[in-house]
Amino acid sequence: MDRLETLKSELLSAIDGAADMAALEAARVGALGKKGRLTELMKGLGELAGEARKAQGQALNQLRAAIEGALAAKKAALESAALDAKLAAERIDVTLPPRPLAQGRIHPLSQCMEEVAAIFGEMGFTVVEGPDIESDWHNFTALNIPPDHPARQMHDTFYLAQQGEAHLHQGALVGESPERAVRLLRTHTSPVQVRTMLSQKPPIRILVPGRTFRKDSDMTHTPMFHQFEGLVIDEATHMGHLKGCLIDFCRAYFEVDDVPVRFRPSHFPFTEPSAEVDIGCSRKGGELKIGAGDDWLEILGCGMVHPNVLEMCGVDSTKYQGFAFGMGAERISMLKYGIPDLRTFFDADIRWLRHYGFVPLDVPSLVGGLGQ
Ligand code: PHE
């Protein structure tokens, strides 16, 4: 019996001393394996007889149970220690900035959208959106571009397939002219002017960022691009407000205090008078620089909303007037960030994004400085 007690304490201390799973397994094999010390004793049982055999058998079974219990307990302890160690190693301090900050980048276009929204937001504009698929009526007719107007040819429009006359009339709302049922991909964000005036009473002050589409593709045109539309309607708005608003915008956006801004007469069917705005730049040595210089670059179209448009949208043109403007988001991004080729915006090239992209959570605001 003493021998068994000694054996038991040896085996138990081997189990207890196992530092890891491999050591524990070695201890198990040493005790219960094919040639384990306990197994060998079990094999010896056959040589005993009668009472002695019974007593030895019981003692060995008890020892075996004790060893198995100790093995299971030690295994559980090792496993829980391993889990604790793993958790400790993977511990995350949630108060630290997330690590992907170092890798992910905000697309320059998204950054531009945020910056422009921050600037106009500060001036009291509300951001609204409209659908990419528009009716011919919202995109053209309500903007004072009737069906046979030559301005329609200036916009290379993507029309949606019409499924015969029946569909055309089904698609129309009750009382809707067939013209309203003709669907297209909007060629500018101006239809959102119409939607807003139809659904909202003046005073109105909105900024509309969004996708626009024209059948055009070369170095400086992509079939899908983005615009910002601005619309201000109230009782005393005039051209001076339009100029002041856009000059303030250009200074804030390009972050150049004395950026020269030029208003050049132009024509849009939905504004009267109409103007295009150029900003001063220099192109010395092939490098485009915004600010003083001897060159000009067109960045937007604008004007006082045409009375026909106001009337078509249910706004009393004898009481209200206002201004509107529309600019290309890619264009002003390219100018600000020095991106030479428009098409690269939509190549989804990760190297390009790493180069021109912005660090996430670096939310643009006028207080923080727009595009650090
Ligand atoms: N919608 C015009 C365009 O896409 C821009 C514009 C908007 C002009 C509002 C005047 C007023 O070219």
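Contact, in these exercises, means heavy atoms within 4.5 Å. This is a predicted model, so local features need pLDDT of at least 70 and side-chain atom pairs count only at pLDDT 80 or more, while totals for chains, interfaces and linings use all residues. Residues are numbered from 1 along each chain as its sequence is written, and side-chain values use heavy atoms, with hydrogens and water left out.

**Exercise 1. Place Arg343 in the fold and list its contacts.**

Step 1: Find the residue. Arg343 sits in the loop between α13 and α14. Helices (H or I, at least four residues) and strands (E, at least two) are DSSP runs, numbered from the N terminus.

Step 2: List the contacts. Setting aside neighbours within four places in sequence, Arg343 is in contact with Asp218, Met219 and Thr222.

Step 3: Compare sequence and space. Arg343 and Thr220 are 123 residues apart in sequence, and their C-alpha atoms are 7.4 Å apart.

Step 4: Is Arg343 buried or exposed, or does it fall in between? Buried means under 20% relative accessible area, exposed over 50%, and partly exposed in between (1.4 Å probe, protein chains only). Arg343 has a relative accessible area of 36%, so it is partly exposed.

**Exercise 2. Describe the surroundings of the ligand.**

Step 1: Start with the shell. A residue is near a molecule or strand if one of its heavy atoms lies within 4 Å of it. There are 14 residues around the ligand, and those that come nearest are His188, Ser190, Arg214, Gln227 and Glu229.

Step 2: Check some distances. A polar contact is a pair of N or O atoms within 3.5 Å; within protein, one must be able to donate a hydrogen and the other to accept it, and residues adjacent in sequence count only if both atoms are side-chain atoms. His188 has a polar side-chain atom 2.9 Å from a nitrogen atom of the ligand. For Ser190, a polar side-chain atom also lies 2.9 Å from a ligand nitrogen atom. In the side chain of Arg214, an N or O atom is 3.0 Å from an oxygen atom of the ligand.

Step 3: Look at the cover. Taken alone, the ligand exposes 330 Å², and the protein buries 91% of that. Accessible areas come from the Shrake-Rupley method with a 1.4 Å probe; for residues, only the protein chains shown count as cover.

Step 4: Which element gives the most to the shell around the ligand? Strands β5 (224-234), β9 (295-305) and β10 (321-328) each supply at least two residues. The most come from β10, with 3 residues.

**Exercise 3. Follow His226 and Gly210 to their partners.**

Step 1: Begin with His226, which lies in strand β5. His226 counts as buried because its relative accessibility is 11%.

Step 2: Find a polar partner. The side chains of His226 and Glu330 make a polar contact at 2.6 Å.

Step 3: Widen the view. Leaving aside neighbours within four places in sequence, His226 is in contact with residues including Leu109, Gly210, Met327 and Phe346.

Step 4: Turn to Gly210, found in strand β4 (residues 204-213). Gly210 has a relative accessible area of 10%, so it is buried. Not counting residues up to four places away in sequence, Gly210 touches Arg186, Thr189, Phe225, His226 and Gln227.

**Exercise 4. Explore the nonpolar cores.**

Step 1: Learn the term. A nonpolar core is a set of buried Ala, Val, Leu, Ile, Met, Phe, Trp, Tyr and Cys residues joined through side-chain atoms within 4.5 Å.

Step 2: Which residues of the largest nonpolar core touch the most other members? Of its 43 residues, they are Phe325 and Ile332.

Step 3: See which element contributes. Helix α11 (239-254) is one of those that give two or more residues to this core, and α11 gives the most, with 7 residues.

Step 4: Look for another core. A second, separate core of 23 residues includes Ile145, Leu184, Phe270 and Cys313.

**Exercise 5. Spot the unusual backbone.**

Step 1: Recall the general pattern. Most residues other than glycine have a negative phi, and most peptide bonds are trans.

Step 2: Find cis bonds. A cis peptide bond joins Pro202 and Pro203, with omega about 5°. The bond from Glu272 to Pro273 is also cis, with omega near -5°.

Step 3: Find positive phi values. Glu255 is not a glycine, yet has a positive phi of about 55°. Ala348, also not a glycine, has a positive phi of about 55°, and at 77% relative accessibility Ala348 counts as exposed.
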